[in-house]
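Q: I have a model open here and would like to talk it through. Could we start with how exposure is classed, and then go residue by residue?

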Amino acid sequence: QQQQQQQQQQLPQQQHPQQPLLGGREDVHFVVLQVEDWQTEKLLRLLNEYKGIEVWAHLRDLWQDMPVQAGDVINVLAPVTTYPDGSHHTTCDFTQGLLVLHPDVLLSGTTITSVIDCPRKAWLQELVGGGGANDKALQGTMMHELVQYALAVAAKGPLTREALVEYVQVIVRTSLLDLVEVGLDEATASDALLGRVDAVLAWGGRYMGPGG
């Protein structure tokens with residue numbers, strides 16, 4: 001009887017195994033390139049800035065009402081399936097998937113509650129008192145700026161590695177105050193961006209035309 005009780009106690013753990021995590025930031029972080037509204041779903045064309053691949057996200061049910069626009073940054077926690085044609089697709093609906101809009105915008109509980117009394121007060125506190133940003137969020141914002149620049153260049157002509165490397169220094173110089181706030185030095189920030197240049201260049205060559 002004692003052995004049966006031990007087996008019964010272990011049974012719920014066997015029926016509900018712990019689900020593995022989908023991965024880190026480099027697996028779930030995307031920039032929205034295109035939004036298409038259909039009758040049954042909202043279709044997003046996404047770019048994974050870290051891996052240089054595009055993913056089509058199908059938002060259905062309640063997720064279809066998500067106010068997503070081109071240029072937004074999102075986290076998508078859902079399995080990605082590769083189709084025979086090489087395209088990548090993922091789905092968020094009632095049964096699977098989770099989408100986080102603007103995941104790099106960090107708000108404290110105090111900021112959220114202050115909006116109830118006066119939205120302008122919360123905005124002024126963020127503007128004057130600082131928003132409590134961390135280094136990961138800042139690096140994500142800088143990476144997004146690099147991709148936006150790559151899109152603009154590729155739309156007009158060939159995208160080159162030299163142009164991206166040069167613009168990395170522009171991003172770092174214009175982010176000095178933010179770097180100081182989160183405790184990052186220029187060299188670390190620059191190295192992090194330079195480490196992603198090849199991925200951005202590869203994506204530009206594949207989806208926007210050959211680079212120089």
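A: A residue counts as buried under 20% relative accessible area, as exposed over 50%, and as partly exposed in between. Please keep in mind that this is a predicted model.

Q: OK, so where does L98 fall, buried, exposed or partly exposed?

A: L98 has a relative accessible area of 41%, which lies between the two cut-offs, so L98 is classed as partly exposed. Its place is in strand β7, which covers residues 98-101.

Q: Which residues make up a nonpolar patch with L98?

A: L98 forms a nonpolar surface patch with L77 and V100, and together they have about 200 Å² of accessible area.

Q: Switching to L44, is that one buried or exposed?

A: L44 has 0% relative accessibility, and because buried means under 20%, L44 counts as buried. L44 is found in strand β2, residues 42-48.

Q: And what does L44 touch, if I ignore its neighbours within four places in sequence?

A: With those neighbours left aside, L44 is in contact with Q34, V35, V55, W56, A57, L59, V68, I74 and L99. For V55, which is 11 residues away along the chain, the C-alpha atoms of the two residues are separated by 8.1 Å.

Q: What about R45, which side chain does it have a polar contact with?

A: The side chains of R45 and E54 are joined by a polar contact of 2.8 Å. R45 is also found in strand β2, and its contacts beyond four places in sequence include V31, V32, L33, V55 and W56.

Q: New topic, how many residues are in the largest nonpolar core?

A: That core has 26 residues, and those with the most contacts inside it are M142, L146, L164, L179 and L193. The elements giving two or more residues to it are β1 (29-37), α5 (135-156), α6 (161-174), α7 (176-182), α8 (186-194) and α9 (197-207), with α5 giving the most, at 8 residues.

Q: Which residues does L164 touch, then, not counting those up to four places away?

A: L164 touches L146, Y149, A150, L159, V197, V200 and L201. Apart from the largest core, there is a second, separate core of 15 residues, which includes L46, V55, W63 and I74.

Q: Last one, what are the overall figures for the protein?

A: The secondary structure comes to 9 helices and 7 strands, and 36% of the 212 residues count as buried. The accessible surface comes to about 13,100 Å², of which 54% belongs to carbon and sulfur atoms.

Methods:
Residues are numbered from 1 along each chain as its sequence is written. This is a predicted model: local features need pLDDT of at least 70, side-chain atom pairs count only at pLDDT 80 or more; totals for chains, interfaces and linings use all residues. Side-chain values use heavy atoms; hydrogens and water are left out. Helices (H or I, at least four residues) and strands (E, at least two) are DSSP runs, numbered from the N terminus. Buried means under 20% relative accessible area, exposed over 50%, partly exposed in between (1.4 Å probe, protein chains only). Contact means heavy atoms within 4.5 Å. Patches are made of residues with over 30% relative accessible area and no salt bridge: like charges are joined within 9 Å, nonpolar side chains (Val, Leu, Ile, Met, Phe, Trp, Tyr) within 5 Å. Accessible areas come from the Shrake-Rupley method with a 1.4 Å probe; for residues, only the protein chains shown count as cover. A salt bridge is a side-chain nitrogen of Lys or Arg within 4 Å of a carboxyl oxygen of Asp or Glu. A nonpolar core is a set of buried Ala, Val, Leu, Ile, Met, Phe, Trp, Tyr and Cys residues joined through side-chain atoms within 4.5 Å. A polar contact is a pair of N or O atoms within 3.5 Å; within protein, one must be able to donate a hydrogen and the other to accept it, and residues adjacent in sequence count only if both atoms are side-chain atoms.
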